[in-house]
Structure formats: structure tokens, C-alpha cells
Amino acid sequence: MRHLTKYFTANHLFRAFSLLLILAVFNWQSVTAQAKKPANADGDVSTEVVIHDGDGIFNSVASFTFSVKNRLPTDQNGTVSYEVKTEKGDKVLDKSMDVHISSGADKDIDVAVPNLKPGFYKINFMINVTEYDDTTRRAFGIRPKEITSEHARPADFDAFWQKAKDDLAKVKPNFKVTLVPKKGTEDRNVYEIQMQSLDNYTIRGWMTLPKTTNPHRKFAVLLGLPGYQVDLDPILGSDPDLAIITLNTRGQGTSRGPIDTRRDEFISYHVEDKDRYVMKGVIMDCLRAIDFVYSQPNLVHDNIMVSGGSMGGYLAIAVAGLDKRVNLCSAQNPIMCDIRGLNGEVDWPMSSLKKYVATQPGLTMDKVFGNLDYYDGKNFAQDVTCPSLMGIGLLDPFAPPNNEYVTYNVIPGKKRIMVFKDLAHEISGKYKELEGRWMRDTFALF
């Protein structure tokens with residue numbers, strides 16, 4: 001782990017969150033409007049929400065403490081209120097109370113929310129007093145392991161993807177590995193890799209290998225899968241026993257070409273036809289990368305971990321579900337999970353899909369959802385039998401925790417989930433530390 005931790009943090013593993021992460025953090029920070037506060041105030045009013053569970057997950061009654069500190073030279077009078085909504089925005093609770101907070105005093109308000117069904121909820125705490133306004137948003141879950149989807153997997157799901165794999169197998173991969181000396185370091189070589197994927201599409205990526213004088217040395221593999229419209233560069237690290245492959249799937253990074261869309265158009269590219277939808281080729285590109293690993297005699301073919309965040313997390317689940325050659329799966333904030341359940345909960349990707357539908361005569365969202373059923377993360381997850389790790393943020397506006405748990409709950413293999421109650425479309429360094437230890441222990445690396 002000593003080397004892996006360094007490479008996870010210093011190199012921003014996979015750059016998987018890119019602009020999506022930035023937008024998520026921006027949209028979900030505490031919204032504060034303090035226009036009433038005097039410019040020359042001697043102090044301030046501050047608030048804090050304490051969730052009485054480390055992960056924000058409760059079995060029955062959810063409980064919180066809303067703390068207010070008044071460091072202004074004047075007493076503060078007004079109201080504190082809170083409201084609880086479902087992830088779809090349906091209000092389930094709304095309460096308000098009058099407050100008086102003396103200058104220099106603290107006030108703690110305990111809140112209990114009982115009788116909620118299994119699922120995830122948003123709670124907003126609002127303070128409106130003499131010289132201060134503030135709204136703080138949090139999220140919490142009630143018995144999330146009981147959450148299930150209302151939407152079934154298509155009866156011919158397995159047949160659809162078996163045909164896709166059969167079609168991929170007909171394409172000669174023509175693997176190419178090219179040393180790029182200027183990108184290497186004292187300890188590692190960097191190679192550009194290239195191969196032909198479904199529809200004879202050329203895809204590219206990078207492989208970094210430890211330098212060794214032993215011609216028989218073999219390396220375990222970490223395959224990094226890309227976030228949405230992210231251009232993956234080589235990841236170097238300093239592990240002497242690990243090959244790191246980063247893949248740019250079609251339409252992304254160094255694999256742009258026949259598919260070269262604007263950012264918001266990629267997700268809807270040919271979504272009107274499930275056989276031509278862009279994500280079919282993207283997923284097959286990832287399986288072709290597994291073929292590449294198996295083609296290389298210096299790589300350990302039964303020590304392969306797939307990992308990624310956002311779209312990369314989604315791809316990790318899809319690949320692990322479709323290809324039993326994957327030995328470990330790590331998915332952070334995977335998008336496109338329980339896709340029908342996303343409607344009404346998130347802006348993106350629904351906004352891009354609806355925008356596209358409006359430009360296509362005769363196309364409806366019902367038709368789009370029917371096609372996307374074949375690309376739903378939860379439907380791949382049912383076939384993930386290798387050990388898996390998932391990380392989610394309860395404030396995630398792109399991959400809501402309810403949808404993440406729908407997917408996690410159907411994974412039949414050994415699994416673990418890490419929940420970050422105060423994070424949005426991101427995970428913390430604790431996840432990467434655990435992922436590193438888990439991989440090294442499983443693959444018996446030193």
C-alpha cells in the first residue's frame with residue numbers, strides 16, 4: 001500500500017470525476033446568503049449539522065443536532081426550520097420554531113425524524129434571524145439494504161450482450177504497443193496501446209510498466225476506466241509489481257475520431273437504437289482491453305482489477321458483469337444506475353437525453369428508456385460475481401444514493417460499500433487507501 005497510496009493521491013487516479021465532480025461540489029455546498037450581516041460586525045453567526053450516525057444511515061429514527069453559535073454583539077431572534085424530502089422532491093416533513101439566541105451564546109436543536117420507509121432523503125436546515133440567513137443541506141438513508149428497483153431487466157438482456165460479445169470476437173484486435181520514452185520515468189516505462197474494437201473502431205490508451213531486468217517478470221493489472229468525456233493520461237505510480245492501464249474508450253481522449261461529439265451530446269449518441277447506442281461500443285472497448293491484457297505474456301491474467309469513477313464506475317460494473325476474467329471491481333459514484341428511477345431525480349443525464357429526443361421526430365422518452373434498459377448499471381450488477389467495492393456520496397446529484405444502493409443490493413458476489421455522508425460526486429482518500437490494501441492483499445503484492 002505504501003506505493004499505491006502515493007499514486008492514488010499524487011496522480012489523481014483516473015481523473016475520473018473531471019468537470020462532473022466540480023459541478024457536483026459547487027451545486028451541493030451549503031447555500032449561504034448573509035446579506036443581513038453587518039459589514040463591520042465583531043463576530044459572526046455560524047451553524048453546524050451533526051448527523052448522529054457515521055455514515056448517515058439509520059435503521060429507524062433519523063436524528064440530528066442543528067447547532068447555532070452567535071458571536072455577534074447583538075441578540076438574534078427569528079426562526080429555525082427544517083424540511084425532509086424524498087430524493088424525488090416529495091415533502092414528508094416540514095417544521096419551524098421560534099428562536100432567541102443571546103449574544104455570545106450557543107443553541108443546540110435536536111431533531112428526530114421517525115416513521116420513514118427504506119430509502120434516501122434530503123433534509124434542509126434553515127435559519128432566519130435578525131442578522132443572518134443560512135440554509136444547510138444534508139442527506140440520510142433509512143435501511144438502504146432493503147431498497148429495490150421497480151424496473152425489471154429485459155428478458156433478452158443476456159442474449160443482447162452475448163451477441164455483442166460475439167460480434168466483438170469477430171473483429172481482429174491488431175494490438176499495438178509502442179514505447180514512449182519521453183513519458184517514462186527512472187522506474188517505469190510508458191507505452192501507448194492501440195487496438196481494434198467493435199465495428200472495427202480504433203481505440204487507444206496507455207500502459208505503464210515497472211522497469212525490470214528479469215525477462216520473465218509478470219505484473220498484476222490495474223485497468224482504469226474513464227469518466228464521462230475524460231481524456232486519460234498515463235498513470236505512473238511507483239509500484240514495482242503492478243501494471244497500470246488507462247483506457248480511452250471511443251469518442252473520448254485519444255480515441256476520438258469517427259465519434260467526436262460535443263460534451264453534452266455524447267450520452268445521447270444514437271440512443272434511439274439500442275444496437276447502435278454509443279455505450280454499446282464503449283462497453284465492448286473495455287472488454288477488448290481485457291483481451292489485450294490476456295494477449296500480453298508479461299501480465300498476470302488472473303490478477304485484473306477494473307476501477308473507475310462516475311462513468312468509469314459504471315463501466316467497471318458493466319465489465320465485471322459481462323466478463324468473468326475480471327477478478328476485482330471497484331466502482332466509485334457509478335452513473336446510469338436504475339436509469340428509469342433517475343427521471344425526476346437528477347438533471348443530468350436526463351436533460352441531455354430529453355434535449356436530444358426533442359430534435360428527433362417520432363422519438364419518445366419511453367422508447368429511449370426501453371433502449372436504456374439494456375444499459376442500466378443495475379442490470380449488469382446482477383452478474384457481478386467477483387469481489388467488488390463501491391463508494392458513494394449521499395449528496396451526489398448525478399448518481400443518487402437510492403439508485404446506487406439499488407445497484408449494490410443486487411450484486412451477488414462478495415461486496416462492500418463505503419458511504420460518505422458529506423460528499424457529492426466524489427469519494428475520499430479513505431476509499432483509495434482501502435482499495436489499495438484490498439487489491440494488494442487479494443493479489444498477494446508486496
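This is a short chat about reading a pair of packed helices, and the chain around them, in a predicted model.

Student: Let's start wide. How many helices and strands are there in the chain?

Tutor: You'll find 11 helices and 17 strands. The radius of gyration is 24 Å, close to the 22 Å that the globule rule gives for 446 residues, so the chain is as compact as a globular protein of that length. Along its principal axes, the C-alpha trace spans about 75 × 55 × 40 Å.

Student: And what share of the residues in the chain is buried?

Tutor: Buried residues account for 55% of the 446. As for contacts between residues at least 6 apart in sequence, 71% of them join residues at least 24 apart.

Student: Okay, now helices. What describes two packed helices?

Tutor: Two things: the angle between their axes and the distance between the axes. Try it on α7, residues 350-357, and α8, residues 365-372: their axes come within 10 Å and cross at roughly 125°.

Student: How are α7 and α8 oriented to each other?

Tutor: Angles over 145 degrees count as roughly antiparallel and 65 to 115 as roughly perpendicular. With a crossing of roughly 125°, α7 and α8 are therefore oblique to each other. The crossing of α7 past α8 is right-handed.

Student: Which residues meet there, α7 against α8?

Tutor: From α7, look for Met350, Leu353, Lys354 and Val357; on the α8 side they meet Met365, Val368, Phe369 and Leu372. Sorted by class, this contact has seven nonpolar residues, one charged residue and no polar ones.

Definitions and conventions
Residues numbered from 1 in each chain as written. Predicted model: local features only at pLDDT ≥ 70, side-chain atom pairs only at ≥ 80, totals over all residues. Heavy atoms only, no water. Axes fitted to C-alpha atoms, helices over the stretch in contact; angles between N-to-C directions. Helix = DSSP H or I, 4+ residues; strand = E, 2+ residues; numbered from the N terminus. Parallel < 35°, antiparallel > 145°, perpendicular 65-115°, else oblique. Left-handed = near helix turned anticlockwise from the far one by under 90°. Contact = heavy atoms within 4.5 Å. Nonpolar A, V, L, I, M, F, W, Y, C, P; charged D, E, K, R; others polar. Rg over C-alpha atoms; globule rule 2.2 N^0.38 Å. Buried < 20%, exposed > 50% of the residue type's maximum accessible area, 1.4 Å probe, protein only.
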